[in-house]
Amino acid sequence: MKIAVIGGGYVGLVTAACFAHLGHEVSIVEVDAGKVRAINAGEPPIYEEGLEELLTAHAGKTLVAGTEYGPVADADLSFICVGTPPAGDGSADLSYITAACRSIGEALRGRTKTHTVVVKSTVPPGTTENLVVPTVGVASGRNDLGFAMNPEFLREGRAVDDFLHPDRIVIGSADPAAGNSVAAVYRGIDAPAVRTGTTAAEMIKYASNALLATKISYTNEIGNLCKRLGIDVYEVMQGVGLDKRVSPHFLNAGAGFGGSCFPKDVAALIHLAEKQGEDPVLLQSVMEVNRRQPLRMVGILKERVGDLNGKKIAVLGLAFKDGTDDIRESRAVPVIEALLEGGAAVAAYDPLAVPNMRRVFPQIEYCARAAEALAGADACLLMTEWPEFSRLDGEFDLMKSRVVIEGRRVLSCDGKEGICW
Ligand code: UDX
């Protein structure tokens, strides 16, 4: 099938590359000409495992990127994969969605080919019905278009594998024919399909992310109590997670959740609930636990080394999780802020995320290796679950005093303690 993918970011590019892999002809519409050049040259502008291989196989052949909406007119479906960043009040900013709908509508005006517009971006429940359908309708002057909502469940760093091996494919549509055209795109992927309305499909995405975030904050709250009781939360949650109703996943206690999705999506869901007259106390608590959690690292540090003023503190790990250079909502950010407020000198190391963090904190020291950050340090805070950190041991002897606090369960050496273990 001929598919137009609007937005060449991490969702759109992975979606387009995987659709090409499934045998479709795909056009990416991306406003950033630099990204367009990179994609057409087979050079992925973002790192995702397996993405370069897909671009090498399909770029310039069945996968072509451009800045114009022209390819929409000849496509069978358009997938909207533009960003929905948080607005100041916590709601989702839908301006990119609206602009994409207008441009898609204009490209379809005067055409008669059957076409389905599919929303893949994470949007508040009700957006497809109340914003996308009317906006495309007005811009196209057509009332024969199909509309569907098909959320993604991609984890950064594992997006290609998550796309090709999903737990489920959710397809929301008012008109079964529109939903069937989306289902046809995924032929070749073996996963149960959930067919529902567009608003329910939008809610499945939010409810999924909010539940995963809730599992993390729940585990951290249990972990904070376990630390006071002198028991290991990882042993406790292993016992809990073997219950098939719970599952062992997303029960890793630590410094909390970061990333461009969980914080944004839970905040948007809270905003929507409040707008609808609900009082989402559970979701508000999930966010409050997550806000406080990284500050516990600094609290434990002060208990171990006293006044931070003039102390050198090594921070190992800056990215919001391993396998990425993304620092959006990284739990390392509030920790570094608190260390600087306390008068500490910070020496930071991360395998990938230093360039991004340098833009946020230009005033701290960045090191090329963990050992460099640890040399002469009064203490160390570990903030990201990079596998290479599990091999650190002798390097901690370079510290002035071996106070090592890990916010992620990754060290295998002696002489460390965890944020809640
Ligand atoms: C998440 C969802 O997993 C994905 O389905 C959705 O489409 C987008 O948001 P992502 O944000 O890429 O994916 O990262 P994920 O691997 O889920 O981790 C999110 C954060 O939670 C990270 O900061 C991670 O360190 C933290 N985390 C994860 C925990 O603290 N404990 C856990 O048990 C799991």
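A residue counts as partly exposed when its relative accessible area lies between the buried class, under 20%, and the exposed class, over 50%. That cut-off serves the first stop of this tour of a predicted model.

**First stop: Glu329**

Select Glu329, which sits in the loop between E9 and H12. Its relative accessibility is 44%, so Glu329 counts as partly exposed. The backbone deserves attention here: phi of Glu329 is near 55°, a positive value in a residue other than glycine. Most residues other than glycine have a negative phi.

**The open sheet**

From Glu329, move to the sheet that contains E9. Please colour the strands in the order E11-E10-E9-E12-E13-E14; these 6 strands form an open sheet with parallel pairing. Strand E11 (365-366) and strand E14 (416-418) are the edge strands, each with a single partner, so one side of each has no neighbour in the sheet.

Next, display E9 (residues 312-316) together with E12 (residues 379-382): the two run parallel and are joined by 4 bridges. To find one such pairing, select Ala314, whose bridge partner in E12 is Cys380.

Two helices may now be added to the view. Helix H12 (residues 332-341) packs on the sheet and touches E9, strand E10 (345-349) and E12. The direction of H12 makes about 175° with that of E9. Helix H11 (residues 281-305) lies across E9, E12, strand E13 (404-406) and E14, and runs at about 165° to E12.

**The largest pocket**

Leave the sheet and turn to the empty space in the model. Rolling a probe the size of a water molecule over the atoms shows where such space is left. The largest pocket has a volume of about 1400 Å³. It is lined by 47 residues, and those closest to its centre are Arg155, Leu212, Phe250, Phe262 and Lys321; selecting these five brings the centre into view. Helix H6 (159-164), strand E7 (169-173) and helix H8 (198-229) are the elements that give two or more residues to this lining. Which element gives the largest share of the lining? That element is H8, with 7 residues. Colouring the lining of the largest pocket by class gives 20 nonpolar, 11 polar and 16 charged residues.

Among the residues closest to the centre of this pocket, Phe250 merits a separate selection. Phe250 lies in the loop between helix H9 (233-241) and H10. Is Phe250 buried or partly exposed? With a relative accessible area of 30%, Phe250 is partly exposed. Phe250 also has a positive phi, of about 65°, although it is not a glycine.

**The second largest pocket**

Now select Gly9, Tyr10, Val11, Cys81 and Gly83, the residues nearest the centre of the second largest pocket, which has 43 lining residues. About 1000 Å³ of space lies in this pocket. The elements that give two or more residues to its lining are helix H1 (10-21), helix H4 (95-108) and helix H10 (262-275). By class, the lining of the second largest pocket comprises 18 nonpolar, 13 polar and 12 charged residues.

**Last stop: Ser78**

Finally, select Ser78 in strand E4 (residues 77-80). Ser78 has a relative accessible area of 0% and is therefore buried. Which residues does Ser78 touch, not counting residues up to four places away in sequence? They are Ala4, Val72, Ile104, His115, Thr116, Val117 and Val118. Displaying these side chains around Ser78 completes the tour.

Technical notes
Residues are numbered from 1 along each chain as its sequence is written. This is a predicted model: local features need pLDDT of at least 70, side-chain atom pairs count only at pLDDT 80 or more; totals for chains, interfaces and linings use all residues. Side-chain values use heavy atoms; hydrogens and water are left out. On a 1 Å grid over the protein atoms alone, a cavity is a set of points where a 1.4 Å probe fits but cannot get out, and a pocket is an open set with protein on both sides within 12 Å along at least five of seven lines; lining residues have an atom within 4 Å of a point. Grid points are joined across faces, edges and corners, and a volume is the space filled by probe spheres set on the points. Ala, Val, Leu, Ile, Met, Phe, Trp, Tyr, Cys and Pro count as nonpolar, Asp, Glu, Lys and Arg as charged, and the others, Gly among them, as polar. Two strands pair if DSSP finds at least two bridges between them. Contact means heavy atoms within 4.5 Å. Axes are lines fitted to C-alpha atoms, for helices over the stretch in contact, and angles run from 0 to 180 degrees between N-to-C directions. Buried means under 20% relative accessible area, exposed over 50%, partly exposed in between (1.4 Å probe, protein chains only).
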